[in-house]
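Okay, thanks everyone, let's get started. I'll put the structure up now, and then we'll walk through a few places in it.

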Amino acid sequence: MLEPAAAAHVAAHASPDERAALAAVADRGIAPDGTGYHEFHELLVRASGNPLLTTVLAAVEQAVRWAAVEQDITQFDRDEAARSHRAIAKAISDHDPRRAEHRMRRHLDAALEHVEASGLLGAPMIPPSRWRGDNSDLPWR
Ligand SMILES: [Zn+2]
């Protein structure tokens, strides 16, 4: 997966401003309308400074937005995700690439477990109307 590697890179190389911005978004948590969820990932990817990664993850982000519309996301799930974001932001603030990578991987695993628990694992992540090719194994978050 790409995003744990991006988190590690950001922990090692981000500017003080980027670290502070990530911590601020993580601290705000995730609102019922989803505000704060995607912002965290977008900031992190932008801070990674990798144009290829930015492009790839922007595509993944769009797929997640489409899929999220069809998912039943509770406040508990949002709080869980917000806690993960704070743990990732803390590792980044602490300049700890290994912990940032580990925390991001756990965050993505937890999201996948949620999908399994929802019985949606076999469901296409991208609505069939958007399909071009066999890219149904994109990383979840
Ligand atoms: Zn997240």
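Let me start in a loop. H95 is found in the loop between α5 and α6, with α6 covering 97-117. Before I go on, this is a predicted model, so please keep that in mind.

What is the sign of phi at H95? For H95 phi is positive, about 55°, although the residue is not a glycine. As background, most residues other than glycine have a negative phi. The place where H95 does this is just after α5. And is H95 buried, exposed or partly exposed? There are 13 C-beta neighbours inside 10 Å, so H95 counts as partly exposed; the cut-off for exposed is 12 or fewer.

Let's step back to the whole chain for a second. We've got six helices and zero strands, so if you read the elements from the N terminus on, you get α-α-α-α-α-α. Of the 141 residues, 26% count as buried. Now take the contacts with a separation of 6 or more: residues 24 or more positions apart account for 71% of those.

Now back to α5, the helix that leads up to H95. This one has 19 residues, and from its first C-alpha to its last it reaches 26 Å. At 1.5 Å a residue you'd expect 27 Å, and the value is close to that. Which residues of α5 are buried? The list is A81, A82, S84, H85, I88, A89, A91 and I92.

S93 sits in α5 too, which covers residues 75-93. S93 has 17 C-beta neighbours inside 10 Å, so this serine counts as partly exposed. You'd need 20 or more to call a residue buried. What does S93 touch, leaving aside its neighbours within four places in sequence? That would be R19 and A23. There's also a long jump in sequence here: S93 and L22 are 71 residues apart along the chain, yet 8.6 Å apart in space, C-alpha to C-alpha.

L22 takes us over to α2, where L22, V25 and A26 are buried. Looking down the axis of α2, those buried residues fall within an arc of 100°, so they line one face of the helix. What do they pack against? The buried residues of α2 pack against α3 and α5. Go round to the other side of α2 and you find P16, D17, A24 and D27, which are exposed. On length, α2 is residues 16-28, 13 of them, which should span 18 Å at 1.5 Å a residue; the end C-alpha atoms are 19 Å apart, which agrees. Just after α2, G29 takes a positive phi of about 75°.

Okay, α3. Buried here are Y37, F40, H41, L44, V45, A47 and S48. How do they sit around the helix? Seen down the axis of α3, they fall within an arc of 160°, so again we have buried residues that line one face. The 12 residues of α3 should span 16 Å at 1.5 Å a residue, and the end C-alpha atoms are 18 Å apart, which agrees. After α3 comes G49, with a positive phi near 65°.

Let me pick V45 out of that helix. It has 23 C-beta neighbours inside 10 Å, so V45 counts as buried. Leaving aside its neighbours within four places in sequence, V45 is in contact with A6, L53, T54 and L57. For L57, the C-alpha to C-alpha distance to V45 is 7.4 Å, with the two positions 12 residues apart in sequence terms.

The A6 contact brings me to my last stop, α1 against α3. Two packed helices are described by the angle between their axes and the distance between the axes. So what are those values for α1 and α3? The axes of α1, residues 2-13, and α3, residues 37-48, come within 9 Å and cross at roughly 65°. The crossing is left-handed. On the α1 side the residues are A6, A7, H9 and V10, and they meet L44, V45, A47 and S48 in α3. By type, this contact divides into six nonpolar residues, two polar and no charged.

That's my tour. Happy to rotate the model to any of these spots if you'd like another look.

Terms used
Residues numbered from 1 in each chain as written. Predicted model: local features only at pLDDT ≥ 70, side-chain atom pairs only at ≥ 80, totals over all residues. Axes fitted to C-alpha atoms, helices over the stretch in contact; angles between N-to-C directions. Helix = DSSP H or I, 4+ residues; strand = E, 2+ residues; numbered from the N terminus. Left-handed = near helix turned anticlockwise from the far one by under 90°. Contact = placed C-beta atoms within 7 Å. Nonpolar A, V, L, I, M, F, W, Y, C, P; charged D, E, K, R; others polar. Expected span 1.5 Å × (residues − 1). Arc of directions from axis to C-beta.
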